[in-house]
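Take a walk through this protein chain with the structure open beside you. Go slowly, and find each residue as it is named.

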Amino acid sequence: VEFAMTAPLLFMLLYAALELGHANMAFNAVEAACYEGARVGIVPGAKASECQAAAERIFAISKIRGAKVTVTPKKLSNSTPSVQVRVKVPYAQSAIIPPTFTRLLTINRQCELVREQL
């Protein structure tokens, strides 16, 4: 009788820990993708498409789907003062289990790095 009363609570806590742990991993991966994209963009001669490709490599490794990457400015030059990469990911497309607690979660992250001038 005690097990029958506590088992649903135990399984709900286990399910929540698994779902929230994976969501935390997705937050960290999106943050890393923003940083890597911006880091690639501050190198002289870089292109916005290279920034986007660097972010998408992180998403491929982390199995994150549905990410929208935006690089500002769209055309990089040696006189560009900074590079900003924004990423928006609907978490439900990347969840490993059907999301209950995070089904409406959208991960929004951005990173802006300043280019050093000589």
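Begin with β2 and β3. These two strands pair in the antiparallel sense, over nine bridges. This is a predicted model, so treat each value here as computed from it. Look for one rung of this ladder: V83 has L113 in β3 as its bridge partner. Another rung lies at V89, which stands opposite I107 in β3.

Now move to the other side of β2. Here β1 and β2 pair, again in the antiparallel sense, over five bridges. One residue to find is K68, whose bridge partner in β2 is K88. What holds such pairs together? Strands of a sheet pair through backbone hydrogen bonds, either parallel or antiparallel.

Put the strands together. They form an open sheet of three strands in the order β1-β2-β3, with antiparallel pairing. Which strands are at the edges? They are β1 and β3, and each of them pairs on one side only. From one strand to the next, the twist averages 10 degrees.

Next, see what lies against the sheet. The helix α1 packs on it and touches β2 and β3. The direction of α1 makes about 30 degrees with that of β3. The helix α2 packs on the sheet too, but it touches β1 and β2. The direction of α2 makes about 150 degrees with that of β1.

The strand β1 shows two faces. In a regular strand the side chains alternate between the two faces of the sheet. Check this in β1: V69 and V71 make up its covered face. K68, T70 and T72 make up its uncovered face.

Stay with V71 for a moment. Which residues does V71 touch, beyond those up to four places away in sequence? They are A48, C51, Q52, V83, Q84 and V85.

V71 also leads to the nonpolar core. The largest such core has 25 residues. Those with the most contacts inside it are V30, F59, I64, V69, V71, V85 and V87. Where do the core residues come from? At least two each are supplied by α1 (2-41), α2 (48-62), β1 (68-72), β2 (82-90) and β3 (106-114). The most come from α1, which gives seven residues.

One name on that list, I64, sits in the loop between α2 and β1. Is I64 buried or exposed? It counts as buried, because its relative accessibility is 8%, under the 20% limit. Leaving out residues up to four places away in sequence, I64 touches A26, A29, V30, F59, V89 and S94. Now look from I64 to L18, 46 residues apart along the chain. Their C-alpha atoms are separated by 16 Å.

Compare a residue in another loop. K47 is found in the loop between α1 and α2. K47 is exposed, because its relative accessible area is 52%, over the 50% limit. K47 and C111 are 64 residues apart along the chain, and 16 Å separates their C-alpha atoms.

Return to the sheet to find a polar residue. S82 is found in strand β2. S82 is buried, with a relative accessible area of 17%. What does the side chain of S82 make a polar contact with? Its partner is the side chain of E112, at 2.7 Å. Leaving aside neighbours within four places in sequence, S82 is in contact with T72, P73, E112, L113, V114 and R115.

Finish with the cysteines. A disulfide is a covalent bond between the sulfur atoms of two cysteines. How many disulfides does this structure hold? It holds zero. C34 is in none, and the nearest cysteine sulfur, that of C111, is 6.7 Å away. A disulfide needs the two sulfurs within 2.5 Å. Why is C51 unbonded? Its sulfur is 11 Å from the closest cysteine sulfur, in C111, and so it is too far for a bond. Are C34 and C51 buried or exposed? C34 is buried, with a relative accessible area of 0%. C51 counts as buried as well, at 0% relative accessibility.

Technical notes:
Residues are numbered from 1 along each chain as its sequence is written. This is a predicted model: local features need pLDDT of at least 70, side-chain atom pairs count only at pLDDT 80 or more; totals for chains, interfaces and linings use all residues. Side-chain values use heavy atoms; hydrogens and water are left out. Buried means under 20% relative accessible area, exposed over 50%, partly exposed in between (1.4 Å probe, protein chains only). A nonpolar core is a set of buried Ala, Val, Leu, Ile, Met, Phe, Trp, Tyr and Cys residues joined through side-chain atoms within 4.5 Å. Helices (H or I, at least four residues) and strands (E, at least two) are DSSP runs, numbered from the N terminus. Contact means heavy atoms within 4.5 Å. Two strands pair if DSSP finds at least two bridges between them. Axes are lines fitted to C-alpha atoms, for helices over the stretch in contact, and angles run from 0 to 180 degrees between N-to-C directions. A polar contact is a pair of N or O atoms within 3.5 Å; within protein, one must be able to donate a hydrogen and the other to accept it, and residues adjacent in sequence count only if both atoms are side-chain atoms.
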